Amino acid sequence: MELTLLETCLLGAFIFCFLIQLYFSLFVHLKLAFYPVEPIPETAKKPLSVVICARNEVENLTAYLPSVLSQNYPDFEVIVVNDRSWDGTRQLLENFAKQHRRLKIVTIGEGEKFIAGKKFAVTMGIKAASNDWLVFTDADCLPASENWLMGMQQSENPEIDIVLGYSPYLRRRGILNALIRFETFFTAVNYLSYAIKGMPYMGVGRNMAYKKTLFFKNKGFAAHMHIPSGDDDLFVNANATAANTEIRINKDAQVWSEPNTSFGAYLRQKKRHFGAGKFYKGKHKFILSCQIIFQFLFYAFFTALLFFKATLYPALGILGFSILIRCFIYPRILKRLNYSDLRWCFPILDILLFIFLVFNGILSIFVKKVKWK
């Protein structure tokens with residue numbers, strides 16, 4: 001059956017979008033699927049400082065701080081920054097400090113001037129650190145093993161200033177939890193794959209590390225202190241290079257996190273992240289925008305092609321081929337990144353995630369104000 005000019009243009013555009021998606025899957029993400037996972041070192045090289053910022057986190061600190069304090073690492077300290085809490089966090093930390101000599105408490109009072117969002121708390125924690133190598137996590141995070149710090153310790157390569165770790169969310173019931181974990185998975189696939197490719201552009205504050213000297217050498221958060229979010233990804237975006245950054249994805253070096261339990265809380269979190277992304281370097285914004293735009297166009301052109309009899313089966317065939325390729329690549333990475341249970345429903349979650357990202361992007365255009373707790 002001969003195609004009309006409109007059908008030919010739509011099919012050609014659809015194939016082009018497919019090829020762009022194929023590039024990201026085969027030449028970027030596939031690197032992570034076969035990236036060699038280094039074993040956890042058996043010995044510690046240098047002392048380190050763990051920095052945790054907490055605001056009204058008494059329940060999470062009660063549950064998870066002991067696992068951080070009991071890490072199998074000979075020389076480390078844990079700095080918890082109590083950022084204007086009123087829920088009993090101060091009393092809890094003081095009790096912990098009596099039992100654990102490694103714990104150092106930094107308190108920020110309600111009346112003190114502070115930089116927007118979480119950045120002032122992070123800066124105060126860094127200033128209080130006794131060691132150059134800093135490992136960051138959050139109050140609602142649980143180390144995957146007692147060897148977490150062994151896995152996130154300073155590299156033997158003196159040129160490495162930044163280590164990007166990985167933090168999956170804990171599994172809970174419901175479609176929202178599956179969506180949150182799947183979105184976290186693809187975010188991680190992107191930033192870890194591009195770091196392997198030599199183009200690191202972000203990290204997550206739940207599990208990352210860098211040098212204190214790097215922080216102050218580059219004036220901390222000065223370049224983006226006016227932005228409420230971005231204490232983790234914007235700092236990495238501004239300071240990470242192919243030569244000074246490496247990743248750690250050993251399962252013992254991961255950190256589990258508590259996911260949001262309501263759609264509203266999750267939406268607010270993603271709005272903060274979306275807002276920070278606007279301030280990435282131009283090349284990073286271009287690449288990430290291309291991924292979203294061509295994914296949107298892929299589904300848009302596919303839908304349009306379904307209305308023409310001559311293009312129905314070619315469109316279905318290309319979609320099926322796209323799913324087949326993704327089934328080859330992403331289930332392997334899902335298993336590697338501790339999300340094995342999502343392997344069997346990832347095509348459905350992929351579509352749901354795409355719809356959510358488009359919705360969140362549109363919403364972020366109209367809702368500008370974001371805050372950290």
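**Reading strands, helices and aromatic rings in a predicted model**

Reader: Strands β4 and β7 (residues 208-211) pair in the antiparallel sense over 4 bridges. Which residue of β7 stands opposite Trp 133?

Author: One should first note that this is a predicted model. A pairing may be read by finding residues that stand opposite each other. Here, Trp 133 has Lys 211 of β7 opposite.

Reader: In which sense do β1 and β4 pair?

Author: Strand β1 (residues 48-54) pairs with β4 in the parallel sense, over 6 bridges. Within this pairing, Thr 137 in β4 has Ile 52 opposite.

Reader: How should one read the side chains of β4, and are they buried or exposed?

Author: In a regular strand, side chains alternate between the two faces of the sheet. In β4, Trp 133, Val 135 and Thr 137 point one way, while Leu 134, Phe 136 and Asp 138 point the other way. All of these are buried. Strand β4 (residues 133-138) is thus described as mostly covered, with 6 of its 6 residues buried.

Reader: Which residues form one aromatic cluster with Phe 136?

Author: The cluster joins Phe 136 with Tyr 210, Phe 215, Phe 216, Phe 221 and Phe 235.

Reader: How many aromatic pairs does the structure hold?

Author: There are 21 aromatic pairs. One of them is formed by Tyr 73 and Phe 76, with 6.5 Å centre to centre and 80 degrees between the planes. Planes over 60 degrees apart count as edge-to-face, and this pair is edge-to-face. Tyr 73 counts as buried because its relative accessibility is 3%, and Phe 76 is buried with a relative accessible area of 4%.

Reader: Why is the pair of Phe 182 and Phe 185 tilted?

Author: The ring planes of Phe 182 and Phe 185 lie at 35 degrees, with centres 6.0 Å apart, so the pair is tilted. Both belong to helix α6 (residues 175-196); because they are 3 residues apart, about one helical turn separates them. Phe 182 counts as buried at 0% relative accessibility, and Phe 185 likewise counts as buried at 0%.

Reader: At what angle do helices α1 and α11 pack?

Author: For two helices, one considers the angle and the distance between their axes. Helix α1 (residues 5-33) and helix α11 (residues 309-336) pack at about 10 degrees, and their axes are 11 Å apart. Angles under 35 degrees count as roughly parallel; α1 and α11 are therefore roughly parallel to each other. By class, their contact has 20 nonpolar, 5 polar and 4 charged residues.

How values were computed:
Residues numbered from 1 in each chain as written. Predicted model: local features only at pLDDT ≥ 70, side-chain atom pairs only at ≥ 80, totals over all residues. Heavy atoms only, no water. Axes fitted to C-alpha atoms, helices over the stretch in contact; angles between N-to-C directions. Parallel < 35°, antiparallel > 145°, perpendicular 65-115°, else oblique. Nonpolar A, V, L, I, M, F, W, Y, C, P; charged D, E, K, R; others polar. Phe/Tyr/Trp six-rings, centres within 6.5 Å; stacked < 30°, edge-to-face > 60°. Buried < 20%, exposed > 50% of the residue type's maximum accessible area, 1.4 Å probe, protein only. Pairing = 2+ DSSP bridges.
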